[in-house]
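Here is a colleague's note for someone opening this structure for the first time. Please read the points with the model in view.

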Amino acid sequence: MPWPRPQRAVIRRSTGIWAWESALHRYGLGPVAGVDEAGRGACAGPLVVAACVPRPGDAARWEGLTDSKLLTPSARDRFYDLIVRRAVDWSVVIIPPTEVDRRGVHAANVDGMRRAVARLTAPPGYVLTDGFAVPGMALPNLAVPKGDQAAACVAAASVLAKVTRDRIMVELDREWPCYGFAEHKGYCTPAHDESLSAYGPSPVHRFSFVNVGRAGAVRALADVVHNSEVHSPRFAGAGASGGAGVMGSTSRGVES
């Protein structure tokens, strides 16, 4: 049986980034959750997925909210604090590189989206996702093209995911300073590739990525310069179901 969709729904452009939520609430399909991820294209660090249910009527307080990639770091931090304080509900799921390697980026991302919604305190009436449908979602849902720019709930989720991931990458930079994680956040930049060529991959790299796998033949893992135990449970042992350390999953916060 197909999910309920508002018939002849009118999306009012005057409501801007809140148009989708407003239309769904008018047809009694709220509350509305948005889901988005950060780190899909990175070759190091976790994949982070977030879900957020904004408070209806908060448009004025969240003025300027958009895709997290279009915001300055200071604006992202400001919106992060506002979202955590004002949202009806939110959750963050942190998927370690080992799971990304084992399942593949897309499969890990889709499962993370399902888990992020499932971890909300109360099931939302409708879920909006950024750009592509999420099979197996146990709630009515709709993929919104460029959702992180078109729907406030998805934009809020993108901020939660990106700020969480950026902070993790800064912490990883302290553990593995030779890679420059604080600067490029684990994405494939020329500087990052140079570090991979010089030092080989670390335990927090995604070995399923071609550039990392190629660099793995350059130098043994034991020769990589680092400031922590190679098998630190904070970065190597936490899995999909959470567990100790930064790379777990949580509702209304980051599980440790």
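**Notes on the predicted model**

1. Start with the overall make-up. The protein chain has 10 helices and 6 strands. Keep in mind that this is a predicted model.

2. Next, burial and surface. The protein chain has 256 residues, and 53% of them count as buried. About 11400 Å² of the chain is exposed. Carbon and sulfur atoms supply 55% of that area.

3. Then the contacts along the chain. Take the contacts with a separation of 6 or more: 63% of them come from residues 24 or more positions apart.

4. Now the interior. In soluble globular proteins, nonpolar side chains tend to be buried together. Here the largest nonpolar core has 35 residues. Trp62 and Ile83 have the most contacts inside it. At least two residues of this core come from each of β2 (47-53), α2 (73-86), β3 and α6 (152-175). Helix α6 gives the most, with 11 residues.

5. Ile83 deserves a look of its own. Which residues does Ile83 contact, leaving aside its neighbours within four places in sequence? They are Cys52, Trp62, Trp90, Ala156, Val159 and Leu160. Apart from the core described above lies another, of 25 residues. Ala116, Val117, Leu120 and Phe209 are among its members.

6. Turn to a buried acidic residue. Asp89 lies in strand β3, which covers residues 89-95. Is Asp89 buried or exposed? Its relative accessibility is 5%, so Asp89 counts as buried, the cut-off being under 20%. The Asp89 side chain is not without a polar partner: it reaches the backbone nitrogen of Thr121 at 2.4 Å.

7. On to charge pairs. The structure holds 12 salt bridges. One of them joins the side chains of Arg103 and Glu99, at 3.4 Å from N to O. Both residues sit in helix α3 (residues 97-103). They are 4 residues apart, so about one helical turn separates them. Their burial can be stated for each. Arg103 is partly exposed, with a relative accessible area of 33%. Glu99 has 3% relative accessibility and counts as buried.

8. Helix α4 (residues 105-118) holds Asp111 and Arg114. Their side chains meet in a salt bridge of 3.6 Å, N to O. The two residues are 3 apart, about one turn of the helix. Asp111 is buried at a relative accessible area of 14%. Arg114, at 27% relative accessibility, counts as partly exposed.

9. Asp111 has a further partner in Arg115. What is the distance between the closest N and O atoms of the salt bridge that Asp111 forms with Arg115? They are 3.6 Å apart. Asp111 and Arg115 are also both in helix α4. Here the spacing is 4 residues, about one turn of the helix. Both residues of this pair are buried.

10. Last, put the charged residues together. Which residues are linked in a network of salt bridges? The members are Glu99, Arg103, Asp111, Arg114 and Arg115. Helix α3 supplies Arg103 and Glu99, while Asp111 and Arg114 lie in helix α4, as does Arg115. When you view the network, note its buried acids: Glu99 at 3% relative accessibility and Asp111 at a relative accessible area of 14%.

Conventions:
Residues numbered from 1 in each chain as written. Predicted model: local features only at pLDDT ≥ 70, side-chain atom pairs only at ≥ 80, totals over all residues. Heavy atoms only, no water. Buried < 20%, exposed > 50% of the residue type's maximum accessible area, 1.4 Å probe, protein only. Polar contact = N/O pair within 3.5 Å; in protein donor to acceptor, adjacent residues only side chain to side chain. Contact = heavy atoms within 4.5 Å. Areas by Shrake-Rupley, 256 points an atom, 1.4 Å probe, with all protein chains shown as cover. Core = buried A, V, L, I, M, F, W, Y, C linked by side-chain atoms within 4.5 Å. Salt bridge = Lys/Arg side-chain N within 4 Å of Asp/Glu carboxyl O.
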